[in-house]
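Here is a short report on a predicted model. Please keep the sequence and the structure in view while reading.

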Amino acid sequence: MNEDASHEVEHILIVGGGVIGAACAYYLAQTGRRVTIIDRDEFGKGSSHGNCGFISPSHVPPLCRPGAISKTFKSLFNPDSSFRIKPSLRPSMLRWLWQFLRRCNQRDMLTGAAARHALLQSSASLYRQLIAEGILEGCEWETEGLLFVFETEKERDYFAPLANLVREEFGVGANWLDGDQLVAMEPALRPGLTGAYHYQDDAHLRPDRLLAAWRDRLNKVGVEIIEQCAFQGFADEQGRAKAVFTSKGEIQADAFVVAMGAWSPQWNKALGCKLPIQPGKGLSVTMPRPRICPKYPMILEECHVGVTPFASGYRLGSTMEFAGYDERINRRRLALLRKGAERYLVEPTCEPIEEEWCGFRPMSCDGAPIIDRSPTMANVMIAAGHSMLGVSMSPATGKLVTEMLTGTTPHVDPHPYRLSRF
Ligand SMILES: Cc1cc2nc3c(=O)[nH]c(=O)nc-3n(C[C@H](O)[C@H](O)[C@H](O)COP(=O)(O)OP(=O)(O)OC[C@H]3O[C@@H](n4cnc5c(N)ncnc54)[C@H](O)[C@@H]3O)c2cc1C
């Protein structure tokens, strides 16, 4: 349903040039409309730049699940845990934590999982279509699946019921490989591991190359990208936004998309709502491919380190820290990536290090994104809160935003992403 049907939408302005803004721009431009993206920094340099690049239909259940409460509290007292919450009395953080913790039950986990599953499945097939059509040339797309690797039986036993649930409830299955089968298939792993689930329908790509490919494509289809242009608020009148105020002056448009990732809640007042999104800081290290480089991308489950072999390089990425927008890279936490990888891989790293990076995941309290209109401005869409899966969910988000703004039938039910669920 187009709630804004009385108004013609010819020019759409998107705030935020990450993977979500890019996908929205592409699908909107496909309808023949004029599209502008503004970013306060460079296009593609936010959370979308240095992440692990997994396209993961396997990641169905959200983090808020039964058992998460005890893990969360243990991490509060362990500075070396990959998951860390800096003790804070910020009301927004306390509210978020409360909203997260009260969803750590089976029923809410399944609701969040269903919301994620729909976008993950749709995005996986849209990616395949975009790749087949040559739209994202150069993004280093590969379809080896994803390994969830277990060092210990204890962790495997903790994970197994979740794997069964995902298979039974959502039809997303994996092959179990024991330690010997695993090393035979992936000799870059050390002998003696317990085994791995292989999710064959997952894929991966190189995120910075993906954003470069999007930029090329958006240029070709006439999308204007304005960088170093910071959003500063809306000029609104009678329940509609007329323009945005920016560091480069006022820009008018007929409709607006807010895709500022982890920074979106900084504009809650302007948007007329309280987005339950916190920045979840993650780290990555990028280097050349080691001599014994894994063929398969993988998650090392006990330490939560992601390992991504690209055609042009190799990346370790992980850690989740709730500590506001602090952009400093903590050496001790960065070292956790290497330490973790050393336990599983024959050749865990390679010199020289090309990039050490931190990014802020836009963590929503239920693990599903918010794709909805501002409650106070009918022509402003919010597309944020994609948590740990923004790359994986971006094509379907772009398509859904386009359908909602242009009044065409949505290809996935928008109901699970509405703001009023909080
Ligand atoms: C270590 C790590 C590993 C990850 N691995 C994966 C993975 O394997 N697979 C996956 O699917 N996801 C992964 N993610 C999550 C993924 O990176 C995010 O979900 C996704 O990038 C969010 O995209 P976005 O477009 O919403 O935000 P961003 O990419 O952060 O884009 C937001 C943009 O808004 C701009 N902006 C902010 N404020 C303003 C303003 N006032 N005016 C104008 N512009 C503004 C920023 O400059 C930025 O460019 C990972 C994240 C991290 C940190």
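Ser394 counts as buried, because 30 C-beta neighbours lie inside 10 Å and 20 or more are enough for that label. The residue lies in helix α10. Which residues does Ser394 contact, leaving aside its neighbours within four places in sequence? They are Val19, Ile20, Ala23 and Ser123. The pair with Ser123 spans 271 residues in sequence, yet the C-alpha to C-alpha distance is 6.7 Å.

**The ligand shell**

Helix α10, residues 390-406, also supplies at least two residues of the shell around the ligand. So much can be said of α1, β14 (277-287) and β18 (355-364) as well: each supplies at least two. There are 41 residues around the ligand. Which come nearest? Gly18, Gly46, Gly261, Gly282 and Gly390 do. By class, the shell divides into 18 nonpolar, 18 polar and five charged residues. Glycine is counted among the polar ones here.

**Two helices in contact**

Two packed helices are described by the angle between their axes and the distance between the axes. Helix α1 covers residues 19-29, and helix α7 covers residues 207-220. Their axes come within 10 Å and cross at roughly 30°. Angles under 35 degrees count as roughly parallel, so α1 is roughly parallel to α7. The crossing of α1 past α7 is left-handed. On α1, the contact is made by Val19, Ala22, Ala25 and Tyr26. On α7, Leu210, Leu211, Trp214, Arg217 and Leu218 make it. These contact residues divide into eight nonpolar, no polar and one charged. Val19 of α1 belongs to this contact, and Val19 is also in contact with Ser394.

**Backbone exceptions**

Most residues other than glycine have a negative phi, and most peptide bonds are trans. Two residues with positive phi are set out below.

| Residue | Phi | Place |
|---|---|---|
| Gln238 | near 50° | loop between β10 (231-237) and β11 (240-246) |
| Thr319 | about 70° | strand β17 (residues 313-322) |

Neither Gln238 nor Thr319 is a glycine. Are they buried or exposed? Gln238 counts as exposed because it has 7 C-beta neighbours inside 10 Å. Thr319 is buried, with 23 other C-beta atoms within 10 Å.

The peptide bond between Glu351 and Pro352 is cis, with omega about -5°. Pro352 sits in the loop between α9 (331-342) and β18. Strand β18 is also one of the elements that supply at least two residues of the ligand shell.

Methods
Residues are numbered from 1 along each chain as its sequence is written. This is a predicted model: local features need pLDDT of at least 70, side-chain atom pairs count only at pLDDT 80 or more; totals for chains, interfaces and linings use all residues. Axes are lines fitted to C-alpha atoms, for helices over the stretch in contact, and angles run from 0 to 180 degrees between N-to-C directions. Helices (H or I, at least four residues) and strands (E, at least two) are DSSP runs, numbered from the N terminus. Angles under 35 degrees count as roughly parallel, over 145 as roughly antiparallel, 65 to 115 as roughly perpendicular and the rest as oblique. A crossing is left-handed if the near helix is turned anticlockwise from the far one by less than a right angle, and right-handed if clockwise. Two residues are in contact if their C-beta atoms, placed from the backbone, lie within 7 Å. A residue is near a molecule or strand if its C-beta atom, placed from the backbone, lies within 6 Å of it. A residue is buried if 20 or more other C-beta atoms lie within 10 Å of its own, exposed if 12 or fewer, and partly exposed in between; C-beta atoms are placed from the backbone.
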